[in-house]
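I opened this notebook to record what I looked up in one structure. The entries follow the order in which I made the searches.

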Amino acid sequence: MFANYHTHTARCGHARGTDREFVESAIAHGMKVLGFADHCPWVFGDSYRSGIRMTDKEVEGYFRSLTDLRDEYADDITIYIGFEAEYIPQLIEAQDRLLADYPLDYMIMGQHFNDPEYCQVYMGVPTGDEAVLCKYVDRIIEGMESGRYRYLAHPDLLDFTGGQEIYEKHFTRLCEYLKTKDIPVEINLLGMTGGRHYPSDRFFRIAQRVGNTAIVGCDAHVPEALCDSEAMEKGRAFAEKYGLTVLEALPGLGAKSQVF
C-alpha cells in the first residue's frame, strides 16, 4: 500500500503499540504516507469517561508525539495527523473548540454511534429497526455535508438484519450521495481479517452498481497491521471482485487512483 489513513494509537484504550512502532512498521512495508486517525475525543460535559477513545487531556500529547515523529522520519515517510470521529450534532461545537489550536490535517468519519455513546447502542450490534438504519444514513449525509470528513470508514458498520428491500433503499441513497460528492467508501481490513460482518458483500454490490470509489483502510490497532501484505492483498482482491476504482491516496494528501 502506498498510503494508509486509518491508524489508531494506544490512547484509544483498545489498541497497542507505541506511536514510533506504528511509523516504523509502515516504513518497513514501504508505505510512503501514514495517516493517524485515532478515535477523536468528545467533550461530554459530565463525569462520563469513554472507554474507546482518548480523553481531551491526551490530545496535546497526541499531536506532540506525532509532530516529533513526522519531523524525525521526514526522509522516510509522510505523516499526517487526523482523527476518526462520528458526526453527533449536539457535541460538535465543543469538539471544534477543543481542537481549534491544533494542526489537524484531516478527519475521517466512523459512525459508531448516532448519538452520544452513553445513551446509544453501538452500530455494530445487529438490529432490524429501520429507524436506526435511516438515522445512521441521515447522520452520515448530514456530517459529510459539513465538509469535515475526507472519507467514510467501514460504511457498512451498521449490521442491519431487517428486510433486504429496506437495506437496499437506505444504503443505495447513501452510496448515491457519496458518489455525487466524490467521497470514497472504505474497504476495512480490520473487519476483513477479524471475521466481522464488514466489509459486506451486499453493501459493496450496491457500491458497484452506483459506481462509488473506494479506499483500502488498515484500521490498524497494532503496528503489525501496517505491514500485513496478506490482508492488503485480500483488500485488493475484494476491490477487484466489485470492479471498484481504488484511491491509492486521498485527494489533497498525495492522490493517486487505480481501477480494479
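The entries below cover the model, its cysteines, its salt bridges, one helix pair, one methionine and some backbone angles.

**Entry 1. The model.** I note that this is a predicted model, in which local features need pLDDT of at least 70, side-chain atom pairs count only at pLDDT 80 or more, and totals for chains, interfaces and linings use all residues. Residues are numbered from 1 along each chain as its sequence is written, and side-chain values use heavy atoms, with hydrogens and water left out.

**Entry 2. Cysteines.** I searched for disulfides, taking one to be a pair of cysteine sulfur atoms within 2.5 Å. The count came to zero. I then asked why C40 has no bond to the closest cysteine sulfur. The closest cysteine sulfur to that of C40 is in C12, and at 12 Å it is too far for a bond. C119 is likewise in no disulfide, and its nearest cysteine sulfur, that of C40, is 18 Å away. For accessibility I used three classes: buried is under 20% relative accessible area, exposed is over 50%, and partly exposed is in between, with a 1.4 Å probe and protein chains only. C40 counts as buried, at 0% relative accessibility.

**Entry 3. Salt bridges.** I took a salt bridge to be a side-chain nitrogen of Lys or Arg within 4 Å of a carboxyl oxygen of Asp or Glu. Side chains of opposite charge can pair when their charged atoms come close. The search of the whole structure found 17 salt bridges. For placing residues, helices (H or I, at least four residues) and strands (E, at least two) are DSSP runs, numbered from the N terminus.

I looked at R20 and E72, which form a salt bridge with their closest N and O atoms 2.8 Å apart. This pair links distant parts of the chain, as R20 is in helix α1 (residues 19-29) and E72 in helix α2 (residues 59-72), 52 residues apart. R20 is partly exposed, with a relative accessible area of 35%, and E72 is partly exposed at 46%.

I next looked at R53 and E117, whose closest N and O atoms are 2.9 Å apart in a salt bridge. R53 lies in the loop between β2 (33-39) and α2, and E117 in the loop between β4 (106-109) and α4, so I read the DSSP-based placement as a link between distant parts of the chain, 64 residues apart. Are R53 and E117 buried or exposed? R53 is buried, and so is E117.

The third pair was R148 with D96, a salt bridge whose closest N and O atoms are 2.9 Å apart. R148 lies in the loop between α4 and α5 (164-180) and D96 in helix α3 (residues 89-99), so the pair ties together parts that are 52 residues apart in sequence. R148 is buried, with a relative accessible area of 18%, whereas D96 counts as partly exposed at 36%. I also noted that salt bridges with shared partners join D115, K135, R139 and E142 into one network.

**Entry 4. Helices α1 and α2.** I asked which residues of α1 meet α2. With contact meaning heavy atoms within 4.5 Å, D19, R20 and V23 in α1 meet S65, L66, L69 and E72 in α2. R20 and E72 are thus listed in this contact as well as in a salt bridge.

**Entry 5. Methionine 144.** I located M144 in helix α4 (residues 130-145). M144 counts as buried, at 5% relative accessibility. Leaving aside neighbours within four places in sequence, M144 is in contact with M109, Y149, Y151, L152, Y177, L178 and I183. The C-alpha atoms of M144 and D228, 84 residues apart along the chain, are separated by 30 Å.

**Entry 6. Backbone.** Most residues other than glycine have a negative phi, and most peptide bonds are trans. I found a cis peptide bond joining Y198 and P199, with omega about 0 degrees. P199 lies in the loop between α6 (189-193) and α7 (201-210).

I also recorded D182, a residue other than glycine with a positive phi, near 55 degrees. D182 lies in the loop between α5 and β5 (185-188) and is exposed, with a relative accessible area of 64%. D219 likewise has a positive phi, near 50 degrees. D219 lies in the loop between β6 (213-217) and α8 (229-241) and is buried, with a relative accessible area of 4%.
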